[in-house]
Structures are given as C-alpha cells and as structure tokens.
Amino acid sequence: MSWGTELWDQFDNLDKHTQWGIDFLDRYAKFVKERLDIEQNYAKQLRNLVKKYCPKRSKDEEPRFTSCLSFYSILNELNDYAGQREVVAEEMAHKVYGELMRYGQDLKAERKHHLQEGRKAQQYLDQCWKQMDNSKRKFERECREAEKSQSTYERLDNDINATKSEVEKAKGQFYLRTHMADESKNEYAAQLQNFNAEQWKHFNNAIPHIFKNLQDMDKRRTVKLGETYRSFAEAERRVIPIISKCLEGMVSAAKSVDDRKDSAIVIESFKSGFDPPTDFPFEDFSQNLNRTGSDGTISNTPKGERDRDGAPAPRSDPKHLTSRTKNKLWLFGKKPKAPSLEDFSHLPPEQRRKRLLHRIDELNKELQKEMDQRDALNKMKDVYEKNPQMGDPNSLQPKISETICNMEKLRSEIHKNETWLSEVEGKQSSRGDRRHSADNHHHAPQGRESPEGSYTDDTSQEHHTPHHRSAPAQPNADPHEFDDEFDDDDPLPVIGHCKALYSFGGQNEGTLTMAENEVLYIIEEDKGDGWTRARKQSGEEGYVPTSYVEITMEKNSKGAVTYI
C-alpha cells in the first residue's frame, strides 16, 4: 500500500506522523545513553571496589592462605568482569547510540526536504487556483457590464426622445462590453484548463512522489530501530562467554579453598621449634629441719609427684617455661617488640631458621648477579684488548675490582649466615638428646652451674637483707642486658628464697615483675651488679633488684633440689 494513493489528502497528518517517528528515535537514543552510563558507572564502581580490597602489601608480606588467595583470585575475576561491562558500554556507545544520533540527524534533514517539496507543490497549485478564480471573477464582472450596456442601448433605441448620437454612443458601449466579456470568457477558460491540468499533476504525480519518499523514510527509520534493538542485545550477548569464564573462575577459586592446607600454613608460619614444657619439679625446702618423728611420719609430698621407682621427676626447662609464660601474655595482651637482631636470635628456633634460609637465598641471588656482571666485564675487557679501537680495557678495571669486592662481601655474609643456620639446626637436632639426659644433670654435686660454665660449692651462711622503709633506687640496667641469660638449656637449681619488700614493675627485658610480700625462689646470687636472679612459682624467671627483696639462703646444701 502506498501513502500517495491512499493518503493523498493527509499531508498534515503525515507531517505529524513523521515528526512523531523522529521524536521516538530520539527518545530511544536517550534511553541507550542512560543505559551505557549505567554500565560505565557500574564498571567504575566495580574497579574501585576491587582496588579497595586488593592487598596493598608487598608480595613477601601477602598471606599464603588458600582462603586469601581464592579471594584475590575472585577480585581479579571481578576486575575482568568490570572490563567486560566497559566493553558493553563501549559497544552501545559506538554501534547503538552513535549510530542513532547520526541517523537521527540525517532523518531530520531528509524529512525537512520532502516536506518543503510538498509545500512548494501545494503553493504552486494554490497559485494556479487563484489565477483561475481571478479570471472567473473578471469574466463574471464583464458579463454583468455587457448586460447592463445592452439594456441601456435597447432602452435608448426605443426612446423617441433620445438623440441619434446618444443611441450611437450606447450602441458602441454595448459592442465594447460584449467584446470584453468574450475576452474574459476566453481567459477564464484558459485558466480553468491550466488549473485542472496542474491539479491533476499535483495529486497524481507530485504528491504521490513526495508521500512515497516520506513512506520510504519512515520504513527506513523503523528498520533502523530494529537493527539498533538487535545491536543493543548483541553488545550484551558478545560478552556472555567471557563473563561466564569469569564466573567459572570465581567458582574454581571457591573450590580451591583448603582448610587443611591453611591449618598447615598456620603451623608452618608460627611454629617456634620449642618443646612443650615438662612437669614442675618438687623443691623440698624442709631438708634443714630437724625431724624427731619416726620413719612412719606421713609425708606431705603430693601423691601425684612421687615416682614409683624412686627416680627424680623430669625437670622443666626454664627457657621453655619463660617462653610459655610470655606466650600466655602475648595471647591476650600486646606482644613486646623484640629487638631486630642481625642473626635473628630474638626469634624462636624454627622461625629463625626460616629467616636465615630466606636471607641466604637472597644473598646467593645477589652473588650470582655480581658473578654474571664480572663475567660480562671480563668478556668486554677481552674484546677491548683484541680490538683497542672499540675502547680502553683499563677503563673497566675499577668496575671489575668493585664487583669482585662486592662478591667477597656477599660470600662473607653468606658464610656468616650459614654459620648461624648450622648453629640453629645443631641446637634443634640435639634438643631431644639434651632432654633425655636432663635427669642426670639434675644431680650435680652440691652446687650449680654458673653462667660462665663453672661449678661452685660455696655454702654461704644464711643472711638477711635489712628491711628499708622506702624503696631504694634501682640499679641501672640495659633493656637487653639479660636477654642472653635465659638461653641455658637446663634450669638452675634453687639456692634459697626471698620475700619482696616492695613491688617491682619489671619493665625491662629480662626483669621479673613482683608484688609486695610475694615469695620467690633464688636461683642465682647477686654478682655485684645489684641484681638477683629469681624464679616465680609459675616457673617464670628473671632478675629483680637485690635491695627490693629479703633473701634467705640455704645453709647446708646450696643449689640442692629435691625431687619426690
């Protein structure tokens, strides 16, 4: 069906319809623009979200737990997913919105051109009609004038009183008006014929052609809308396979979470290498009492501490006890910041071994780089010696010497760290042997092993430190002065006990906190520096100011420890 034949008289309605079609096209283009803005904002927000939760630490500090690695994999997949949303927005911007805007401009120009042609054709037809109507009115007017002149002539011709000249004048006027009426008639007939011809052309040629162009334009607009609808959907469908892979990657990351592996990593990360503490020994302070009872006297020794074979119970390692007490404090409080030593001696054995291995590996890599650089410089020097025009071989000697010096420094560092590593591994391998032979060390003859490794058999007399009314000044102590004093493998025997005269905070490393009137065990006398080494009943060891405590030493057997 053609608009030219069916809608020949609906120019104004077709004008409104084509304008509605363009408005609808603009409305759809606006919809696409808002849709791609949503996609762009969505992709931007996703990328900001990924950036916010991505780890900001170095690769060495990133956690190795499968749950964390899986989460980072999900973040990477989500970042790729955001990239696909950006692709969707870009496709919509270029292939849909951009195409609609360009086509809308062309459509408006084409519609304007067709409507202008239709208006011109209508104006020309209206002009022809006005000319025909004017000739018709003129012909009608001339006919009335001719009839009037004819009536005047006939009246004067029949009037006997009219003169001959008046009759002749009326007769001439009649003939003139009749002639003018005939000319108007001919002109009107010509204009009428011309108008009818132009009107036929207008409604059979011009208007159908213009309306056909408008109809074709409207069809193309409809087809273009369908194509953009399809492009709108295709922009989304093209990225579905990649988005599916992103989602599959997220599912795979979720499946890779392994609770057993994470638990093993926790053990590997925090394992100290220490052995669990053994049972506390029973320390008998009643050896110096004079017993008058018979052999049947009931012993106050706890039943659970007695050994069936009479052998002494295993002794606990004070280093381990101290570590256990500190670990308890660290678990619920702030872990004290240990000094960062070059040999990592402030770390537990297992952690120290790992750090040393890591450092040795890094030093070996640096050494290999220096060796490669030295070989390259030597080759370049040989080339310069064979071809002096390429360069001076002596100019490379300072760099070669510097590289060799760096290699020697690195080798020295590697040897030093390997020595520390051998020391750690040797201690770990011999820890079990020392633990099995600990019972034999407990029966040292009436003495104790000093930090210097010598035994003392001195049986000092019992003495009492005088009680002061005010707390005396504490001796100056280096915060790390006592760190190395707790590296003994075996606990020191008890040589006496003391009572705290004042409370002591023990803020420095190696010192022991004590409350007023608290009773402590003495395991090492004051060596003249104003500090006495003591042990709490919980097993925690450390140094306390000698002037803060009232000391009572054992009379008969200094350093003897009784195991029940």
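## Overall composition

Of the 564 residues in the protein chain, 33% are buried, where buried means under 20% relative accessible area, exposed means over 50%, and partly exposed lies in between (1.4 Å probe, protein chains only). This is a predicted model, in which local features need pLDDT of at least 70 and side-chain atom pairs count only at pLDDT 80 or more, whereas totals for chains, interfaces and linings use all residues. Residues are numbered from 1 along each chain as its sequence is written, and side-chain values use heavy atoms, with hydrogens and water left out.

The protein chain contains 10 helices and 7 strands, these being DSSP runs numbered from the N terminus, with helices (H or I) of at least four residues and strands (E) of at least two. About 36000 Å² of the protein chain is exposed, and carbon and sulfur atoms supply 51% of that area; accessible areas come from the Shrake-Rupley method with a 1.4 Å probe, and for residues only the protein chains shown count as cover. Among contacts with a separation of 6 or more in the protein chain, 77% are accounted for by residues 24 or more positions apart, a contact meaning heavy atoms within 4.5 Å.

## Confidence of the model

The mean pLDDT of the protein chain is 78, and 76% of its residues reach 70 or more; pLDDT is the predictor's confidence in each residue, from 0 to 100. Over residues 477–489 the pLDDT stays under 50, and the model has 29 contacts beyond four places in sequence for this stretch. Residues 557–564 likewise have pLDDT under 50 throughout, with 35 contacts beyond four places in sequence in the model. Where pLDDT is low, the predicted coordinates should not be read in detail.

## Helix α4

Helix α4 covers residues 164–237, and its 74 residues should span 110 Å at 1.5 Å a residue, which agrees with the 106 Å between its end C-alpha atoms. The expected span is taken as 1.5 Å times one less than the number of residues in the helix. At H202, α4 bends by about 40°, the bend at a residue being the angle between axes fitted to the seven residues ending there and the seven starting there.

## Salt bridges

A search of the whole structure finds 32 salt bridges, each defined as a side-chain nitrogen of Lys or Arg within 4 Å of a carboxyl oxygen of Asp or Glu. In one of them, the side chains of E236 and R35 meet with an N to O distance of 3.4 Å. This pair links distant parts of the chain, with E236 in helix α4 and R35 in helix α2 (residues 11–53), 201 residues apart. E236 counts as partly exposed because its relative accessibility is 24%, and R35, at 22%, is also partly exposed.

E236 also forms a salt bridge with R85, at 3.0 Å from N to O. Here again distant parts of the chain are linked, since R85 belongs to helix α3 (residues 66–158) and E236 to helix α4, with their positions 151 residues apart in sequence. R85 counts as buried, its relative accessibility being 5%.

A salt bridge within a single helix is that of E140 with R144, whose closest N and O atoms are 3.2 Å apart. Because E140 and R144 are 4 residues apart in helix α3, about one helical turn separates them. E140 is partly exposed at 44% relative accessibility, and R144 is partly exposed with a relative accessible area of 46%. Elsewhere, a network of salt bridges links E283, E524, K527, R533, R535 and E541.

## Three buried residues

D15 is placed in helix α2 and is buried, with a relative accessible area of 18%. Leaving aside residues up to four places away in sequence, D15 touches R111, L115 and R119. N417, located in helix α9 (residues 397–436), is buried with a relative accessible area of 0%. With residues up to four places away in sequence not counted, N417 touches L356, R359, I360 and L363.

A534 lies in strand β5 (residues 531–535) and counts as buried at 0% relative accessibility. Beyond residues up to four places away in sequence, A534 touches L512, L520, Y521, I522, I523, E540, E541, G542 and V544. The C-alpha atoms of A534 and H497 are 8.2 Å apart in space, while the two residues are 37 residues apart in sequence.
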